[in-house]
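Work through the exercises below with the sequence and the model at hand. Each task is followed by a solution in steps.

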Amino acid sequence: FDWPLLLVFILMFVDLRLLVELPVVSRLIGGVDLSRPPNLYLAGALISQFISNVPTTILLANYSGDWRSLAWGVDMGGFGLVVGSLANLIALRLAGPRGNLAAFHAWAAPFLLLAGGLTYIWMLMCGGG
């Protein structure tokens with residue numbers, strides 16, 4: 001059993017709940033109109049690239065009840081940078097020394113740009129924004 005990983009998940013929920021309450025975070029995220037599905041989707045995908053998709057979900061869930069757009073955004077955010085999803089980090093860790101970070105990004109980053117961009121355009125065309 002991976003106890004350090006479990007600890008990371010626990011701390012993620014505790015720390016992010018506290019982080020959401022900080023005025024600077026409220027001002028940054030509050031400045032974006034997350035009531036528009038394409039904006040929430042894009043915020044979920046982009047923020048995931050820096051803090052991973054699970055913490056991004058916790059963070060943005062406090063600002064919108066649109067679970068579908070949030071889920072699409074953070075799911076898409078699992079692609080791109082390896083940090084986009086803890087599952088990426090776990091898989092590369094399990095791959096051991098042969099886990100190739102460059103090979104991962106050679107596939108994941110273009111996929112995020114292509115699929116993420118097409119999904120964003122589809123949301124705009126379907127009246128989501």
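**Exercise 1. Locate glutamine 49, decide whether it is buried or exposed, and list what it touches.**

Step 1. In this predicted model, glutamine 49 belongs to helix H3.

Step 2. Its relative accessible area is 8%. Buried means under 20%, so glutamine 49 is buried.

Step 3. Look for a partner of the side chain. The side chain of glutamine 49 comes to 3.4 Å from the backbone oxygen of alanine 45.

Step 4. Set aside the neighbours within four places in sequence. Glutamine 49 is then in contact with Gly77, Phe79, Gly80, Leu81, Val83, Gly84 and Leu112.

**Exercise 2. Find the helix that holds asparagine 39, then its accessibility and its contacts.**

Step 1. Asparagine 39 is also a residue of helix H3.

Step 2. With a relative accessible area of 17%, asparagine 39 is under the 20% limit and therefore buried.

Step 3. Neighbours within four places in sequence are again left aside. The contacts of asparagine 39 are Val32, Asp33 and Leu34.

**Exercise 3. State what sets the backbone of serine 52 apart from the general rule for phi.**

Step 1. Place the residue: serine 52 sits in the loop between H3 and H4.

Step 2. Recall the rule. Most residues other than glycine have a negative phi.

Step 3. Compare. Serine 52 is not a glycine, yet its phi is positive, at about 80°.

Step 4. Check the accessibility. The relative accessible area of serine 52 is 4%, so serine 52 is buried.

**Exercise 4. Count the helices and strands, and describe the chain as a whole.**

Step 1. The chain has seven helices and zero strands. Read from the N terminus, the order of elements is α-α-α-α-α-α-α.

Step 2. Of the 129 residues in the chain, 32% are buried.

Step 3. Turn to the surface. The chain exposes about 7900 Å², and 73% of this comes from carbon and sulfur atoms.

Step 4. Take the contacts between residues at least 6 apart in sequence. Of these, 70% join residues at least 24 apart.

**Exercise 5. List the residues of the largest nonpolar core and the helices that supply at least two of them each.**

Step 1. The largest nonpolar core consists of nine residues: Val25, Ile29, Leu34, Leu40, Ala43, Leu59, Leu60, Leu70 and Val74.

Step 2. Four helices each give at least two residues to this core: H2 (23–30), H3 (37–51), H4 (53–61) and H5 (67–77).

Step 3. Another core lies apart from this one. That core has five residues, including Tyr41, Met76, Leu112 and Met123.

Step 4. Follow one member of the largest core. Beyond its neighbours within four places in sequence, isoleucine 29 is in contact with Leu34, Leu59, Leu60 and Tyr63.

**Exercise 6. Compare alanine 108 with leucine 113: which helix holds each, and is each buried or exposed?**

Step 1. Alanine 108 is in helix H7, residues 101–125. Leucine 113 is placed in helix H7 as well.

Step 2. Alanine 108 has a relative accessible area of 8%, so alanine 108 is buried. For leucine 113 the value is 68%; exposed means over 50%, so leucine 113 is exposed.

Step 3. Look at residues distant in sequence. Alanine 108 and glycine 78 are 30 residues apart along the chain, with 8.7 Å between their C-alpha atoms. Leucine 113 and glycine 80 are 33 residues apart along the chain, with 7.7 Å between their C-alpha atoms.

Step 4. Add the contacts of alanine 108. Not counting residues up to four places away in sequence, alanine 108 touches Phe79 and Gly80.

**Exercise 7. Describe valine 8 and leucine 19, and name the surface patch that includes leucine 19.**

Step 1. Valine 8 is found in helix H1. Leucine 19 lies in helix H1 too, which covers residues 3–20.

Step 2. The relative accessible area of valine 8 is 39%, so valine 8 is partly exposed. Leucine 19, at 34%, also counts as partly exposed.

Step 3. Leucine 19 joins Leu22, Val24 and Leu28 in a nonpolar surface patch of about 350 Å².

Step 4. Valine 8 and leucine 86 are 78 residues apart along the chain, and their C-alpha atoms are separated by 10.0 Å.

Key: Residues numbered from 1 in each chain as written. Heavy atoms only, no water. Buried < 20%, exposed > 50% of the residue type's maximum accessible area, 1.4 Å probe, protein only. Contact = heavy atoms within 4.5 Å. Areas by Shrake-Rupley, 256 points an atom, 1.4 Å probe, with all protein chains shown as cover. Core = buried A, V, L, I, M, F, W, Y, C linked by side-chain atoms within 4.5 Å. Patch = residues over 30% accessible without salt bridge, like charges linked within 9 Å, V, L, I, M, F, W, Y side chains within 5 Å. Salt bridge = Lys/Arg side-chain N within 4 Å of Asp/Glu carboxyl O. Polar contact = N/O pair within 3.5 Å; in protein donor to acceptor, adjacent residues only side chain to side chain.
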